[in-house]
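Reader: I'd like to go through this one with you and ask how you arrive at each label. Could you show it to me?

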Amino acid sequence: MTGTGRIHIYYGDGKGKTTAAVGLAVRAAGSGLKVLFFQFLKDNSSNERKILEALPGVTCLPGREPVKFVSKMNGDERIEFRHYNNKALDEIIKFCGPFDMLILDEALCALNLEVLSEEKLISFIQHKPRGLEIVMTGPRLPDNLLEMADYVTEVRKVKHQFDLGRSARKGIEF
């Protein structure tokens with residue numbers, strides 16, 4: 001890709017952040033761009049991965065198996081998970097050079113839960129390959145990333161079925 005890659009952020013408490021990022025991956029791949037996709041806090045069984053892995057031009061990096069909810073982790077598990085995520089980001093940084101787009105799904109959530117180094121992520125964004133578009137998702141947006149971003153979309157919940165105690169449905173909520 002020519003030009004300067006931009007920073008995209010989808011954040012908020014509403015449904016659709018990952019879906020928006022995946023849609024952007026599909027659009028980019030359909031245009032012949034090379035997309036690198038990684039999900040923090042999710043294992044390799046997410047349904048969006050199944051279709052993305054089948055698309056030419058999209059590379060999905062494997063995540064950790066299994067992934068336990070951070071709220072269920074003890075102190076040692078959280079420390080180990082932070083180490084894992086920071087190491088994963090190190091590998092992504094080494095690997096992303098030939099790609100046009102990098103999607104870091106749930107990176108903002110990993111920052112918020114303190115299982116990913118904000119300093120490491122910001123340093124990467126500041127020194128990223130020139131043409132690389134970076135897309136990040138998550139519930140909360142730190143002010144410093146707001147300043148760095150070129151596109152910021154807030155996905156706000158107005159009404160959600162979880163609030164009524166209804167379970168997530170395969171293919172719709174996950």
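Reader: Thanks. Where does E114 lie?

Author: E114 lies in the loop between α4 and α5. Before we go on: this is a predicted model, where local features need pLDDT of at least 70, side-chain atom pairs count only at pLDDT 80 or more, and totals for chains, interfaces and linings use all residues. Residues are numbered from 1 along each chain as its sequence is written, and side-chain values use heavy atoms, with hydrogens and water left out.

Reader: What makes something a helix or a strand here, and how many of each are there?

Author: Both are DSSP runs, numbered from the N terminus: H or I of at least four residues for a helix, E of at least two for a strand. That gives 6 helices and 6 strands in the chain. In sequence order the pattern reads β-α-β-α-β-α-β-α-α-β-α-β.

Reader: Back to E114. Why is E114 called exposed?

Author: Exposed means over 50% relative accessible area, buried means under 20%, and partly exposed is in between (1.4 Å probe, protein chains only). E114 has 58% relative accessibility, so E114 counts as exposed. Its phi is also positive, at about 60°, although E114 is not a glycine.

Reader: Which phi value does E106 have, and is E106 buried or exposed?

Author: Phi of E106 is near 65°, a positive value in a residue other than glycine. E106 sits in the loop between β4 (101-105) and α4 (107-112). With 15% relative accessibility, E106 counts as buried.

Reader: What makes D90 and S123 partly exposed?

Author: D90, in helix α3 (residues 75-95), has 26% relative accessibility, so D90 is partly exposed. S123, in helix α5 (residues 118-126), comes out at 33% and therefore gets the label partly exposed as well. As for distances, the C-alpha atoms of D90 and E133 are separated by 17 Å, with their positions 43 residues apart along the chain. For S123 and M101, 22 residues apart along the chain, the C-alpha separation is 17 Å.

Reader: How do you know how many disulfides there are?

Author: A disulfide is a covalent bond between the sulfur atoms of two cysteines. The test used is a pair of cysteine sulfur atoms within 2.5 Å, and the structure holds 0 disulfides. C96, for one, is in no disulfide, and the nearest cysteine sulfur, that of C60, is 15 Å away.

Reader: Why is C109 without a bond to C60?

Author: The sulfur of C109 is 19 Å from the closest cysteine sulfur, in C60, so that is too far for a bond. C109 has a relative accessible area of 15%, which means that C109 is buried. C96, at 1% relative accessibility, counts as buried too.

Reader: What is K50 in contact with?

Author: Contact means heavy atoms within 4.5 Å. Leaving aside neighbours within four places in sequence, K50 touches S45 and K170 by that rule. K50 itself lies in helix α2 (residues 47-52). From C-alpha to C-alpha, K50 and C60 are 9.5 Å apart in space, and 10 residues apart in sequence.

Reader: Zooming out, why does the radius of gyration agree with a compact globule?

Author: The radius is taken over C-alpha atoms, and the globule rule is 2.2 Å times the number of residues to the power 0.38. With 174 residues, a compact globule would come near 16 Å; the chain has 16 Å, so the two agree. The C-alpha trace spans about 45 × 35 × 30 Å along its principal axes.

Reader: How many of the residues count as buried, and what share of the contacts joins residues 24 or more positions apart?

Author: Of the 174 residues, 43% count as buried. Among contacts with a separation of 6 or more, residues 24 or more positions apart account for 73%.
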